[in-house]
Amino acid sequence: MFRRQILKGCSDKSQTAAKSQNLQIQFATLVDVQLRLPWSSKAPASNRVRVLDVNGRTFPIQIARHQWARRYVLRVTAEGALRLTVPRGASITAGVAFAEKESAWVAAEWARLQARAAWHEGATVWYRGARVTLTGEGADVRCGDQRITGAARRDWRTAIQRHWRAEAIGELPARCLVLARHHGLEPMSVRVRDQRSRWGACSGRGAITLNWRLVQMPPHVADYVMLHELAHLRQPNHSRRFWREVESLCPDWRAAERWLKAFGRDLL
Ligand SMILES: [Zn+2]
């Protein structure tokens, strides 16, 4: 979890977190494949050490030549380095210039990584759409008005997330079925998963999966995610008809989408 990295493409600055993760997954898959190919070079593309200074912090730039990359991709690693993917045949200098141009993004991304890694005394985390403060109380951790028994002895983040996941399993499927019944819909099943790149999914057979992180969102946003997936039972696509369906099931879906766009990344 701590090693999650978000991609930044040069041609699409407004990509959503979900899209970034898709790209990341795609990239990871390609790397796996590439490592098995005889012509993939294991040596670094260049031995020259390149760095980028952002707000007084020096980020070493690790260059990775990528056989199939179609554009420069920049990632900030949890260790505080930049990984720059350079498409085959493209110039490293132009790639470094791209990284320099993105320094504001690098600074923001680094701040975000730091904040999410720090689940300790006084840190704030999202729960039910509010930022709640974590405090240790003996062996327990208090998280807003929740008390998570024994969490202080373990990694706080893992312990709290495990607690929330159990909570999600206990309540999300029931809530989803209430919403479904209310709108005359019948999913085949509703399950809770630990999904890294989506908030929910609806299979072609009508099986709905929901991300346990929905319990961290404001209830109206969690409801929207469920209604969105339920709408896929009628429209298994993202066509105009689908969005009309969403509109009728959840008239304030736009506000929910705005929340997800603004804060969704904090939950992952
Ligand atoms: Zn959808």
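## Around strand β5

Let's start with one pair: L74 has L84 as its bridge partner in β5. This comes from a predicted model, so keep that in mind throughout. The pair belongs to the contact between β4 (residues 73-76) and β5, which is antiparallel and runs over 4 bridges. The two strands make a hairpin with 5 residues between them, and G80 there has a positive phi near 90°.

β5 (residues 82-87) also pairs with β3 (residues 57-66), but in the parallel sense, over 6 bridges. Here R65 has V86 of β5 as its bridge partner. Both senses of pairing are ordinary fare: strands of a sheet pair through backbone hydrogen bonds, either parallel or antiparallel.

## The β2-β3 hairpin

What does β3 do with β2? The two pair in the antiparallel sense over 5 bridges, with β2 covering residues 50-54. If you want a spot to look at, L52 sits opposite F59 in β3. The hairpin turn has 2 residues between the strands, and N55 in that turn takes a positive phi of about 50°.

## The antiparallel sheet

Moving along the chain, 4 strands make an open, antiparallel sheet in the order β6-β7-β8-β9. β6 (124-127) and β9 (146-148) are the edge strands, each pairing on one side only. On average, neighbouring strands here are turned by 35° against each other, direction ignored.

β6 and β7 (residues 130-137) run antiparallel and are joined by 4 bridges. Within that pairing, Y127 faces A130 of β7. Helix α4 lies across β7, β8 (140-143) and β9, running at about 65° to β8.

## The mixed sheet and its helices

α4 turns up again in another sheet, so here is that one. It is open and has 3 strands in the order β10-β12-β11, with mixed pairing. Why is one side of β10 and of β11 left without a neighbour in the sheet? β10 (189-193) and β11 (200-202) stand at the edges and have a single partner strand each, so nothing in the sheet flanks their other side. Neighbouring strands are turned by 15° against each other on average, direction ignored. β11 and β12 (residues 207-211) run antiparallel, joined by 3 bridges, and G200 stands opposite L210 in β12.

Which strands does each helix touch? α4 (residues 156-182) packs on this sheet through β10 and β12, with its direction at about 145° to that of β10. α5 (residues 219-234) packs on the sheet too, touching β11 and β12, and its direction makes about 15° with that of β11.

## P218, just before α5

P218 sits in the loop between β12 and α5. Is P218 buried or exposed? Neither, quite: it has 16 other C-beta atoms within 10 Å, and because 20 or more would count as buried and 12 or fewer as exposed, it comes out as partly exposed.

Leaving aside residues up to four places away in sequence, P218 touches R128, G129 and W259. The C-alpha atom of P218 is also 7.3 Å from that of A130, although they are 88 residues apart along the chain. That is the A130 of β7 that stands opposite Y127.

## Helix α6

α6 (residues 240-249) has E245, V246 and L249 as its buried residues. They lie on the same side of the helix because they span an arc of only 100° around its axis. The general pattern is familiar: an α-helix has 3.6 residues a turn, so residues three or four places apart point the same way.

Turn to the face pointing away from the buried side and you find the exposed residues R240, R244 and S248. The cover over the buried residues of α6 includes α5 and α7 (253-267).

## Overall picture and confidence

The chain has 7 helices and 12 strands. Of its 268 residues, 27% count as buried. Among contacts with a separation of 6 or more, 44% link residues 24 or more positions apart.

As for how far to trust it, mean pLDDT is 82, and 81% of residues reach 70 or more. Where is the stretch with pLDDT under 50? Over residues 1-45, for which the model has 51 contacts beyond four places in sequence. Where pLDDT is low, the predicted coordinates should not be read in detail.

Terms used
Residues are numbered from 1 along each chain as its sequence is written. This is a predicted model: local features need pLDDT of at least 70, side-chain atom pairs count only at pLDDT 80 or more; totals for chains, interfaces and linings use all residues. Two strands pair if DSSP finds at least two bridges between them. Axes are lines fitted to C-alpha atoms, for helices over the stretch in contact, and angles run from 0 to 180 degrees between N-to-C directions. Two residues are in contact if their C-beta atoms, placed from the backbone, lie within 7 Å. pLDDT is the predictor's confidence in each residue, from 0 to 100. The arc is that of the directions from the helix axis to the C-beta atoms.
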